[in-house]
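Trainee: Could you take me through the reading of a structural model, one feature at a time, with the general idea ahead of the particular case?

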Amino acid sequence: MYLRFTSRTNADGSVVRYVALAHNRRVDGKIKPDVLMNLGRVDQVDVEGMRRLAASITKHFGGDGDGAGVEAGLVAGAGPLEVVDARSIGATWLLDGLWRRLDIAAAVRTAADARRFTTNMERVLFALVANRAVAPMSKLSAAEWAGEDTVIPGLASMDDDHAYRAMDLLVDADTAGRVQEAVFFAVANLLNLEVDLLFFDTTSTYFERDTEDEGEDAFRRYGHSKDHRGDLPQIVIGLAVTKEGIPVRCWCWPGNSNDQQVLAEVRDDMRDWKLGRVITVVDRGFSCADNLAYLRRAGGHYIAGMRMRDGNPLVEQVLARQGRYQQVRDNLRVKEVRIDGTDVRFVICHNPDQAARDKQQRDDAIARIEAELARIRDQRERDAKRPVGDRTRQRNEAAHVRAECALRDHPSLGRWLVQQPNGRLKVNKTKIKVEERLDGKYLIATSDPHLSTEDAALGYKNLLEAERGFRDLKSQLLLRPVFHRLEHRIRAHVLICWLALLLVRVAERATGETWRNINRQLGRISQVTLAGPAGTVVQTTPLRPEHKAIYQALSVQPPARVTTFDPR
């Protein structure tokens, strides 16, 4: 940063000189000066004031400047500069650049154009999304965070009323998914996303309360919890993502909804977006015949996981077919099977590494069961030598029964046991033989006649991207706990988390870094406000090479070195 002098010659031949604060930046390999602030004509500038300010900055930060000049500035009446404010800016500045670059701000403003507020609700909404990505907390704490702890460009302050108003606006604007649709197409156009494969899955999130909501339209209900908290009310959340992991759309349903009920609604909602030819990828929870038939409406296709242990005769017929496997990857072999009377193609996938792990886990479980059964049997044989009415024998028998019941009801060991007519337990040899056939295997079905076997298998494996999205929502973005009880506020909270996940995924895809690392690196950039008798300076701490690399990868201009220069 330096002082830049320019001159202009008047008609009478006099020369007028001007001074400005400027810095150089590189554009297409060439140095281009940028004017930060015009200070006016040289003959009208408060030179002494500028000297006092320069002396104060030098004294505060140190340097090799002339000590006599510092003393002269202090004698002239200038005092040292003090740090009056310091806030983090690096991560929020990056997210704001992505927010604008992906036209999310424009999409929100367009959807809410009919409503007017004294506060910029688009900025408040961005603050809530940025908080969810950078330092997730409640909406009340997020309002304080945005006003005191970080820099939100274009937003001086906000309170909890602003936060709740922005959430209500978001839900109203997203009727029929209008905001999500506008946001996704902006992202798809900018990043050239391919939406030929669409991955969908569901999860649940629970609420820390004793009872569920009452009424026919109750939202927080008891249901099948994927977090293993069936004792708490919950809601069900659906997420559709692309094969790159970019979230496309999210849904919320009452907690008692099941996977078989919601797929038709998802298919209809995505059909309205007119994405073209899309193959929907779902896991085994959605693979009932009615759902798969619905996915084929209007020329659609699917890749679906199939349940192999339900006794389905069609699945048994597929697994019984002989044939050679085709090597796709080091840990994946595939075999296509066609069944007469249906145009659905079945693909048996086999992972040799997983097969070895399945066998080892089963062998360990059987060894543990046999050891426990042998212990109980030996103890019974010893107790048989005691008198029939002996109390110790009776207590031991009751303990043996409890041990057998615990073994039978064990969540992972009980599946390998069968109870005999006399009540005793033994290892189920038939079950073991059936499971040996399925070691390392999973079965998928596809209705697309043109999709190769390899692409079908690898496409189904990419369903992990949806599961990864849920994992990040619950761990990094702290979807839970949900500090809301009203349905529209809960939906707004999920939408805010979805927008944060979208920004995070775009940042990870462009930089090749995890968001945890990006957030940690950019969290070291701060904006500092210095004030003193000579004036006020707001500047950003110097950027390191790793900071510049992140901004450059995302085509976001980093924050300026000096944002305010106000000499008195």
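**Reading the model step by step**

Mentor: Three strands of this predicted model form an open sheet, in the order β1-β2-β3, and their pairing is antiparallel. The edge strands are β1 (2-9) and β3 (30-41), each of which pairs on one side only. On average, and with direction ignored, neighbouring strands of this sheet are turned by 40° against each other.

Trainee: What holds strands together in general, and over how many bridges do β2 and β3 pair?

Mentor: Strands of a sheet pair through backbone hydrogen bonds, and the sense may be parallel or antiparallel. Here strand β2 (residues 15-27) pairs with β3 in the antiparallel sense over ten bridges. To follow the register by eye, begin at Ala 22, whose bridge partner in β3 is Val 35.

Trainee: For a helix, what span should the twelve residues of α3 have, and how far apart are its end C-alpha atoms?

Mentor: The expected span is 1.5 Å times one less than the number of residues. Helix α3 (residues 90-101), with twelve residues, should therefore span 16 Å, and its end C-alpha atoms lie 17 Å apart, which agrees. The helix is also mostly covered, since nine of its twelve residues are buried, including Leu 94, Leu 95, Leu 98 and Trp 99, with Asp 96 also on the buried list. Just after α3, Asp 103 takes a positive phi of about 60°.

Trainee: Is Glu 435 buried or exposed, and which residues is Glu 435 in contact with?

Mentor: The cut-off for buried is under 20% relative accessible area, so Glu 435, at 4%, is buried. Glu 435 is found in helix α14 (residues 429-437), and, leaving aside its neighbours within four places in sequence, Glu 435 is in contact with Arg 309, Arg 362, Arg 415 and Trp 416.

Trainee: And where is Gln 527 placed?

Mentor: Gln 527 is in strand β16 (residues 526-532), and at 16% relative accessibility Gln 527 counts as buried. Beyond the neighbours within four places in sequence, its contacts include Asp 85, Arg 87, Val 151, Gln 539 and Thr 563.

Trainee: How is empty space found, and which residues are closest to the centre of the largest pocket?

Mentor: Rolling a probe the size of a water molecule over the atoms shows where empty space is left. The largest pocket holds about 1200 Å³ of space. Of the 40 residues that line this largest pocket, the closest to its centre are Arg 284, Arg 309, Lys 441, Tyr 442 and Tyr 460. Among the elements that give two or more residues to the lining are β5 (197-206), α12 (352-383) and α15 (453-461).

Conventions:
Residues are numbered from 1 along each chain as its sequence is written. This is a predicted model: local features need pLDDT of at least 70, side-chain atom pairs count only at pLDDT 80 or more; totals for chains, interfaces and linings use all residues. Side-chain values use heavy atoms; hydrogens and water are left out. Helices (H or I, at least four residues) and strands (E, at least two) are DSSP runs, numbered from the N terminus. Buried means under 20% relative accessible area, exposed over 50%, partly exposed in between (1.4 Å probe, protein chains only). Contact means heavy atoms within 4.5 Å. Two strands pair if DSSP finds at least two bridges between them. Axes are lines fitted to C-alpha atoms, for helices over the stretch in contact, and angles run from 0 to 180 degrees between N-to-C directions. On a 1 Å grid over the protein atoms alone, a cavity is a set of points where a 1.4 Å probe fits but cannot get out, and a pocket is an open set with protein on both sides within 12 Å along at least five of seven lines; lining residues have an atom within 4 Å of a point. Grid points are joined across faces, edges and corners, and a volume is the space filled by probe spheres set on the points.
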